[in-house]
Amino acid sequence: FNEFIEESNLKVRTRDSYKVSYKYFDEMDKNILQSTQTEIINHVDEIESKSNNTKAMILNIAIQIRKKNKRGVDKIFIAKGKYADNFKLEKEKDHKEKLETLPSVTQLMAHENKLYRDKDWKGYIVVSLLRLLSARNMDLNIGIIAPTRSKRKMNEEDKNNYIILRKNDVYVIRGDYKTKGKYGIKKDIIRSRKLQNAIKKFVAEKDMEITDDPIWLLSETGKKLKDDSIAKAIRKYTYNGLGEGDYNKIFVSQFVDVKNMNGLKKISDMRGTSLQVLLDSYHLEMPKMFRNI
């Protein structure tokens, strides 16, 4: 397994995921290469309290290692497909249930406007960026900095996200988001007077000045948040404590319902995800016209 990891050109997250999956084979009598496909399938099938998605991921590492060592994978591949299909059915059921319980776009906008009226500047910035950027949690681990040329250019090695407040707009640069490896550094211009004002008021409340040193939006200590703290910090300000995934589902569903392809493409571009993944993963009840787009 270590040789497989070292010889494979894998991203850090993929490598970590493979290591977690591989541990489930520790208790098997023989290793992945010595065992038959049926033995591997039965072993994974007997793992308790693990979702269909997790079992599909566990079987995937067995497939990868066996293929690299020229062992058969046809039966394992079919078993993986069964778990993947079951996971999709579960997700579809979950989506239908959420369709009945999630708030509307109107409710999210009313909550956003209330934060502004209540002068909750941090809260308003958070939910406004969730909507305008179709952001994930890590996108909002973001620092407010001065509009210097070097930061606008953004070094590829800079793994931070920045808000640059300018005279006529807000310039957002993302060097740390989930699909950066595929889409590269994202640079977006947001024209919103309310967002500009909220950022100014937020900085003034903290009794700070905007410089080259980031003022971290979500931080209470002045330091950039660790990854495992971001979701909780964001939910403090969202409508009924909703997560970013639910926010995105609501806005995606709105655009699908009115057949607004341009709106969907904008979300796809802002979020850094394909249109197909967006529809498959985030729309709650997809019309036939958008399937297999």
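A residue counts as partly exposed when its relative accessible area falls between the 20% under which residues are called buried and the 50% over which they are called exposed. Keep that scale in mind for the views below, which come from a predicted model.

**View 1. Lysine 82 sits partway between buried and exposed.** You'll find K82 in helix α5, the helix that covers residues 74–101. Its relative accessible area is 41%, so K82 is partly exposed. Now look for K55 in the same view: K82 and K55 are 27 residues apart in sequence, but their C-alpha atoms are 10.0 Å apart in space.

**View 2. The whole chain, for orientation.** Step back for a moment and take in the protein chain, with its 14 helices and five strands. How many of its residues are buried? Of the 293 residues, 45% count as buried. The accessible surface of the chain comes to about 16700 Å², and carbon and sulfur atoms account for 47% of that. Take the contacts between residues at least 6 apart in sequence: 58% of them join residues at least 24 apart.

**View 3. Helices α2 and α4 cross.** When two helices pack together, we describe them by the angle between their axes and the distance between those axes. Here the pair is α2 (residues 12–22) and α4 (residues 52–68), whose axes come within 8 Å and cross at roughly 100°. Angles of 65 to 115 degrees count as roughly perpendicular, so that is the label for α2 against α4. Which residues meet here? From α2 come S17, Y18, S21 and Y22, and they meet M57, I58, N60, I61, Q64 and I65 of α4. Sort the residues of this contact by type and you get six nonpolar, four polar and no charged.

**View 4. Five strands line up in an open sheet.** Read across the sheet and the order is β4-β3-β2-β1-β5, with mixed pairing. Why do β4 (186–190) and β5 (215–216) each have one side without a neighbour in the sheet? They stand at the edges with a single partner strand each, so nothing in the sheet flanks the other side. At the β5 end, two bridges join β1 to β5, and these strands run antiparallel. You can pick out both G143 opposite W216 of β5 and I144 opposite I215 of β5.

**View 5. Strand β2 is tucked inside.** Zoom in on β2, residues 161–165. Five of its five residues are buried, so the rest of the structure largely encloses this strand. Its residues point in two directions: N161, I163 and L165 go one way, while Y162 and I164 go the other. Is its neighbour β2–β1 pairing parallel or antiparallel? Strand β1 (residues 142–145) and β2 run parallel, joined by four bridges. Within that pairing, I142 stands opposite N161, and I145 has I164 as its bridge partner in β2. Strand β1 shows the two-way pattern too: I142 and I144 point one way, G143 and I145 point the other, and all are buried.

**View 6. A hairpin takes the chain from β2 to β3.** Follow the chain out of β2 and you go through a hairpin of four residues into β3. Strand β3 covers residues 170–174 and runs antiparallel to β2, with five bridges joining the two. One pair to look for is I164 with its bridge partner Y171 in β3.

**View 7. Helix α10 lies across the sheet.** Spot α10 at residues 193–205, then trace the strands that it crosses: β1, β2, β3, β4 and β5. How is the helix angled against β2? Helix α10 runs at about 100° to β2.

**View 8. Two residues with a positive phi, one exposed and one buried.** Start with K70, which isn't a glycine but has a positive phi of about 60°. Its place is in the loop between α4 and α5. With a relative accessible area of 76%, K70 is exposed. Then move to S134, in the loop between α7 and β1. S134 isn't a glycine either, and its phi is positive, near 50°. Is S134 buried or exposed? At 5% relative accessibility, S134 counts as buried.

Technical notes:
Residues numbered from 1 in each chain as written. Predicted model: local features only at pLDDT ≥ 70, side-chain atom pairs only at ≥ 80, totals over all residues. Heavy atoms only, no water. Buried < 20%, exposed > 50% of the residue type's maximum accessible area, 1.4 Å probe, protein only. Contact = heavy atoms within 4.5 Å. Areas by Shrake-Rupley, 256 points an atom, 1.4 Å probe, with all protein chains shown as cover. Axes fitted to C-alpha atoms, helices over the stretch in contact; angles between N-to-C directions. Parallel < 35°, antiparallel > 145°, perpendicular 65-115°, else oblique. Nonpolar A, V, L, I, M, F, W, Y, C, P; charged D, E, K, R; others polar. Pairing = 2+ DSSP bridges.
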